[in-house]
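Trainee: Before we begin, may I see the model that we are to discuss?

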Amino acid sequence: MTDCLFCKIKDKTIPADIIFENDEFMVFKDLHPKAPVHLLLIPKLHIDSLDHVDASHSELLAKMMLLIPKIAKQNHLNGYRTQINTGSNGGQIIFHLHVHILGG
């Protein structure tokens, strides 16, 4: 997806404050934070939203959920909130599946 902002961040054609990366995921700081710590967890695989996942994404989604507490701990969050906006009416602005991790 050449016009996807998060794909451009993943491909490192647009800079971001990346705090974690492996073969499947990337975590970076939100440019417009809504909390003292506001991180975005994205899969490197482009998926528009939760409305576009199916059973073939089960393992990827499980790994995402298991990664969240690790990222929170690495960022010294002893309490945090997660949020996934889905669709325009659900507040999604960037159409690449992502989890907001908010705390502090």
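Mentor: The following exchange treats the sheet, the helix across it and the cysteines. This is a predicted model, in which local features need pLDDT of at least 70, side-chain atom pairs count only at pLDDT 80 or more, and totals for chains, interfaces and linings use all residues. Residues are numbered from 1 along each chain as its sequence is written, and side-chain values use heavy atoms, with hydrogens and water left out.

Trainee: What is the order of the five strands in the open sheet?
Mentor: Strands (E, at least two residues) and helices (H or I, at least four) are DSSP runs, numbered from the N terminus. Two strands pair if DSSP finds at least two bridges between them. The edge strands, β1 (18-21) and β4 (80-83), each pair on one side only. With antiparallel pairing, the order is β1-β2-β3-β5-β4.

Trainee: Which residue in β5 stands opposite histidine 38?
Mentor: Strand β3 (residues 37-43) runs antiparallel to β5 (residues 99-103), and five bridges join them. Opposite histidine 38 stands leucine 102.

Trainee: At about what angle does helix α2 run to β3?
Mentor: Axes are lines fitted to C-alpha atoms, for helices over the stretch in contact (heavy atoms within 4.5 Å), and angles run from 0 to 180 degrees between N-to-C directions. Helix α2 (residues 58-74) lies across β1, β2 (25-29), β3, β4 and β5, and its angle to β3 is about 155°.

Trainee: Why do cysteine 4 and cysteine 7 form no bond?
Mentor: A disulfide is a pair of cysteine sulfur atoms within 2.5 Å, and a search of the whole structure finds zero disulfides. The closest cysteine sulfur to that of cysteine 4 is in cysteine 7, too far for a bond because the distance is 3.6 Å.
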